[in-house]
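Let's take a walk through this protein and its ligand. Have the sequence and the 3D view open as you read.

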Amino acid sequence: MNANLVGPGPSGETPVVFGGSAAAGRLLVPEVATIIDIRDETASGDVKTFKVRMDRPEAEEAWSHLPGQCAMVSVFGVGEAMISITSSPTRGWPLELSIKRVGRVTGALHDSQAGDKIGLRGPYGNRFPTEEWKGKNLLFVAGGIGLAPVRCLIDYCLAHRDQFGHVDIVYGARSPGDLCFKDCIFNRWSRQKDTTVSLTVDKGDETWTGPTALVPMFLEELGPSPKNAVAITCGPPIMIKFTLQSLAKLGFTDDQIVTTLELKMQCGVGKCGRCNIGDKYVCVDGPVFTLSQIKELPNEF
Ligand SMILES: Cc1cc2nc3c(=O)[nH]c(=O)nc-3n(C[C@H](O)[C@H](O)[C@H](O)COP(=O)(O)OP(=O)(O)OC[C@H]3O[C@@H](n4cnc5c(N)ncnc54)[C@H](O)[C@@H]3O)c2cc1C
Ligand code: FES
């Protein structure tokens, strides 16, 4: 890695090299933003979606993200956390971030209220290579909060519907109450042309009449064709591990499979070395990788 600071350019499309500490300083300074709405995604309240707007209109105008990219979210006096942007750029402001309560920063965010101030910097990371998928069938396979980055991508692809073939969305959660983004699932995506939404839960309840199966087994039962298709999968590491095996059984090659890596991050701009695997910095070179690219990385994560 060179001594310069590498980060996504203002459009988020092409990485730009910023030289010198002044530029580095600017890139790491968060913009002040306001939480304008918070909604529970899950019955237990462990995942919430935050709608946020930047306080400076010029900062909103300068912001431009693409599906797969993330924002570094700060709670002043507590710390920062890298969070996928779950709202599609095609839907404009406010930005939406879906956050699971796991520790200090995410806990402080869950304890906030509409009107509270937070910090936002980014967008960071690479993007899903949608340009390469034109004319292909898209298979999305997600588990739990793994639907957050995929939701941005699905909405983006559906906003450019004519560029893609059939869209298959396979989503699972531990229980019906853990299914996130119910409005998208039931009211928007399932009503789109040439789009199939298949849901499963590990364990049903009295309200659930759908399948009960783990995502990888459910996927194998559905048996989507790998022909002219790309599979995008996000979710807990254990789900990803077995989903990759299931996709291989279905005949998907490593180049046809795209996923995201979630390593602990600090700077988000390829500077601190917190997220490197071999010569790759996940915050800059990822988080989106094909399975072929992942297999080329040293097995150290
Ligand atoms: C590219 C990327 C995208 C992400 N997108 C989202 C998202 O959309 N929504 C969301 O809720 N979370 C997302 N995360 C995870 C999120 O960044 C962490 O959960 C968050 O940083 C935890 O901060 P904390 O201060 O609340 O937890 P801490 O108090 O720092 O830690 C609490 C516990 O969580 C573990 N932990 C912390 N960070 C991570 C991590 N990155 N991976 C695995 N375990 C971790 C710690 O080891 C500890 O056990 C993403 C992470 C990355 C790298
Ligand atoms: S988070 Fe600092 S180098 Fe990636």
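We'll start with the domains, move on to the ligand, and finish with two helices.

Keep in mind that this is a predicted model. The domain assignment splits the protein chain into domain 1, running over 5-124, and domain 2, running over 130-260. If you take the centres over C-alpha atoms, domain 1 and domain 2 sit 25 Å apart. Where they touch, domain 1 puts in 17 residues and domain 2 puts in 15. What is the side of domain 1 that touches domain 2 made of? Its residues divide into 9 polar, 5 nonpolar and 3 charged.

Now for the ligand. Ligand 1 has 22 residues around it, and the ones that come nearest are A81, S84, G103, V105 and T106. Which elements each supply at least two residues of that shell? They are the strands β6 (79-84) and β7 (95-100), along with the helix α3 (104-110). The largest share comes from β6, with 5 residues. Sort the shell by class and you get 12 nonpolar residues, 6 polar ones and 4 charged ones.

Next, have a look at helix α7, which covers residues 237-250. Does its length make sense for a helix? With 14 residues at 1.5 Å a residue, α7 should span 20 Å, and its end C-alpha atoms are indeed 20 Å apart, so the two agree. Its buried residues are M239, I240, T243, L244, S246 and L247. Because these cover an arc of only 170° around the axis, they fall on the same side of α7. Turn to the other side of α7 and you'll find P237, I238, K241, Q245 and K249, which are exposed. So what lies over the buried residues? The cover includes the strands β9 (137-143), β12 (229-234) and β13 (257-260), plus the helices α6 (215-222) and α9 (291-296). Right after α7 comes G251, with a positive phi near 105°.

Finally, try the length check on helix α4, residues 147-159. Its 13 residues should span 18 Å at 1.5 Å a residue; the end C-alpha atoms are 17 Å apart, which agrees. Is α4 mostly covered or mostly open? It is mostly covered, with 12 of its 13 residues buried. Among those buried residues are the charged-class R151 and D155, and also L147, P149, I154 and Y156.

Technical notes: Residues are numbered from 1 along each chain as its sequence is written. Chains are lettered from A and ligands numbered from 1 in the order in which they are written. This is a predicted model: local features need pLDDT of at least 70, side-chain atom pairs count only at pLDDT 80 or more; totals for chains, interfaces and linings use all residues. A residue is near a molecule or strand if its C-beta atom, placed from the backbone, lies within 6 Å of it. Helices (H or I, at least four residues) and strands (E, at least two) are DSSP runs, numbered from the N terminus. Domain bounds come from an automatic or database domain assignment. Two residues are in contact if their C-beta atoms, placed from the backbone, lie within 7 Å. The expected span of a helix is 1.5 Å times one less than its number of residues. A residue is buried if 20 or more other C-beta atoms lie within 10 Å of its own, exposed if 12 or fewer, and partly exposed in between; C-beta atoms are placed from the backbone. The arc is that of the directions from the helix axis to the C-beta atoms.
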